[in-house]
Amino acid sequence: MPMARSTPATWSLSAVAAGALLVGCSGSVSVGNSEPKLSSDELATTVSEKLAATTNQPKPDITCPEDLAGKVGATTRCTLTAKDGSTLGVSVKVTSVEGDKIDFGIKADDTASPAPN
């Protein structure tokens, strides 16, 4: 799939939006006495790394408002913010959990929101 190219310093939302990006990845978390979860910060870092690796772009700025529960089917929404201030929603869904390993899929929205004026 052809990807839009941008300068190394700029992350292009079109690289993600161009093809309903679906990325499989996993994160490892430690298990306490409760169900495993991935912290919002660790989730944002993992999503950023996986999107960068998949699109051959620099790591984008990703924020996730909540932790991801280690339960199959659990979902959360994160936000990718480009250098120009435009944003793109990113859905995260848990596909499997084995011990302390949470596997999840990442899907970016098809359309970005413009930067605020």
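What span should the 16 residues of helix H2 have at 1.5 Å a residue, and how far apart are its end C-alpha atoms?

1. The expected span of H2 (residues 40-55) is 22 Å, and its end C-alpha atoms are 22 Å apart, so the two agree. Expected span here means 1.5 Å times one less than the number of residues.

2. This is a predicted model, in which local features need pLDDT of at least 70, side-chain atom pairs count only at pLDDT 80 or more, and totals for chains, interfaces and linings use all residues. Residues are numbered from 1 along each chain as its sequence is written, and side-chain values use heavy atoms, without hydrogens and water.

3. The chain has two helices and seven strands, in the order α-β-β-α-β-β-β-β-β from the N terminus. Helices (H or I, at least four residues) and strands (E, at least two) are DSSP runs, numbered from the N terminus.

4. Of the 117 residues, 38% are buried (under 20% relative accessible area, with a 1.4 Å probe and protein chains only). In H2 the buried residues include Leu 43, Val 47 and Leu 51. An α-helix has 3.6 residues a turn, so residues three or four places apart point the same way. Just after H2, Asn 56 has a positive phi of about 55°.

5. Strands E5 (residues 75-81) and E6 (residues 87-98) pair antiparallel over seven bridges; pairing requires at least two bridges found by DSSP. Cys 78 lies opposite Val 90 in E6. Five residues separate the strands of this hairpin, where Gly 85 has a positive phi near 95°.

6. E6 also runs antiparallel to E7 (residues 101-108), joined by eight bridges. Lys 93 is opposite Gly 105 in E7. The hairpin of E6 and E7 has two residues between the strands, and Gly 99 in the turn has a positive phi of about 60°.

Methods:
Buried means under 20% relative accessible area, exposed over 50%, partly exposed in between (1.4 Å probe, protein chains only).
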